[in-house]
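Me: I have a model open on my screen and I'd like to learn how to read it. Can you walk me through it?

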Amino acid sequence: MIVRLDFTSEAFFRDPPKAIATLRMSGPVVATRFPLVGDVWVTTTHDAAARVLKDSATFTLRKEDGDVAGLRWWMPRYVRTIANNMLTMDEPDHTRLRSIVDEAFRRRAIVAMEPRIRAIADGLADELFSAGSPADLVQRYARILPLAVISELLGLPLADRPRFIAWANTMSSLTNVVSFFRLLFAFRKMRAYLGRQLQVARERGGEGLIAELVQVEREGGQITPDEMVSMVFLLLAAGSETTTHLISGSAYELLRSPDLRDWLEQDWSRVGLAVEEFLRFVSPVQFSKPRYVRQDVVVEGVRLNKGDRVMAMLAAANMDPAIHERPERLDLERKPNRHVSFGTGIHFCLGHQLARIEAACALEALFVRWPKLGLAVDPAEVHWRKRPGLRAIAKLPVTETRGTPATAHREASIDRSLTAAG
């Protein structure tokens, strides 16, 4: 029996624990219909998700003929080029490609970037209200920070940041077939742009991962020109989109939870622990990519047949009461924290250290610079994008003054008046 649940509804995104608990009542693995994917099995427990993600021989990202799960025959070639990346590959191609960029994302290399990440966060925090108040924390802060960091890491021009932001907004707006075709147009432009940047690096050299990929190509490394384009696209998109919504979702939870915010502001050395709980509770990436079932198999007592498709629901794994006590509660002191927000198995997120450091730097820089930061609207007026699989706040209006929205507007106006008079 197919379980009906609107994975793009406001109710689902506003209160995931409630919707997930209802879904889990139907079993550890349930048949449902997912937007743009179609009929698919979805895991609802931590153990079922871990089984699907770790057993890469039984649950594969590609069919036996090599086609990527989720791609359609009518999709343009440039979409197939972009989709043909290590995130959609099984072994041995996955390891072949991941090994090329793995060194740049090792803990030591990422930790060395922390001072620069903090400097970018401080600068963006300073400019948050430069265009007036209230300001949209998503567009003016949470989106720009990870894009700026990954652009520098890749070696992309700073002047091109506005087009990255426009493309990121298009990707976040994917909700239905119409928006999907709009996304196809953006994909074409992105593929052309990244192809040009790679060619520039071939001709002139440069800094960053793009130049390193070109050097690997020049030395006869096992990577094709199309794979290079898809690699840069993946790093640019995956390296920014999910962290954007981790930062904005975490800030939202602090803005509406004074006790948690006070606890964190008393000692910012706690921010790493807090980020782990935000990763679990916010769960910006709600689902894994679809996988094909290569042979008949039983998962947590549920039989899946060869040829079926299955998605690990990361958000449900993170809310499993068998793993986390009172999972519906945001507990910034939670230990141990066994979230799977970065996945598990061979596709464990390459950028997990980068995302953690960006989120920690973003939150500390924001609330240190604006200790009275407040929501400019009632929490009930904050909405999420209707994008399936991604928990993304659409807009997060904030003001310089902490308190109720009405009080915040009034106190901010008084502060500006006194400043002008002085």
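Reply: Let's go from the whole chain to the core, and then to a sheet. Keep in mind that this is a predicted model.

Me: How many helices and strands does the chain have?

Reply: You'll find 19 helices and 11 strands. Of the 422 residues, 55% count as buried. The chain exposes about 18500 Å², and carbon and sulfur atoms supply 53% of that.

Me: What share of the contacts between residues at least 6 apart in sequence join residues at least 24 apart?

Reply: That share is 73% in this chain.

Me: On to the core, then. Which residues of the largest nonpolar core touch the most other members?

Reply: A nonpolar core is a set of buried residues joined through side-chain atoms within 4.5 Å. Here the largest one has 114 residues, and Phe105, Leu128, Tyr141 and Leu396 touch the most other members. Helix H18, residues 352-369, gives the most to this core, with 11 residues. Try clicking on Phe105: leaving aside residues up to four places away in sequence, Phe105 touches Ile110, Ile150, Leu153, Leu209, Leu235, Leu350, Gly351 and Leu354. Another core, of 16 residues, lies apart from it, with Ala49, Val297, Val299 and Val340 among its members.

Me: And how do I read a sheet?

Reply: Strands of a sheet pair through backbone hydrogen bonds, either parallel or antiparallel. In this model, one open sheet of 3 strands runs in the order E5-E11-E10, with antiparallel pairing.

Me: Why is one side of E5 and of E10 left without a neighbour in the sheet?

Reply: Strands E5 (135-136) and E10 (374-375) stand at the edges with a single partner strand each, so one side of each has no neighbour in the sheet. E10 is joined to E11 (residues 397-399) by 2 bridges, and Leu375 has Val398 in E11 as its bridge partner.

Key:
Residues are numbered from 1 along each chain as its sequence is written. This is a predicted model: local features need pLDDT of at least 70, side-chain atom pairs count only at pLDDT 80 or more; totals for chains, interfaces and linings use all residues. Side-chain values use heavy atoms; hydrogens and water are left out. Buried means under 20% relative accessible area, exposed over 50%, partly exposed in between (1.4 Å probe, protein chains only). Helices (H or I, at least four residues) and strands (E, at least two) are DSSP runs, numbered from the N terminus. Contact means heavy atoms within 4.5 Å. Two strands pair if DSSP finds at least two bridges between them. Accessible areas come from the Shrake-Rupley method with a 1.4 Å probe; for residues, only the protein chains shown count as cover.
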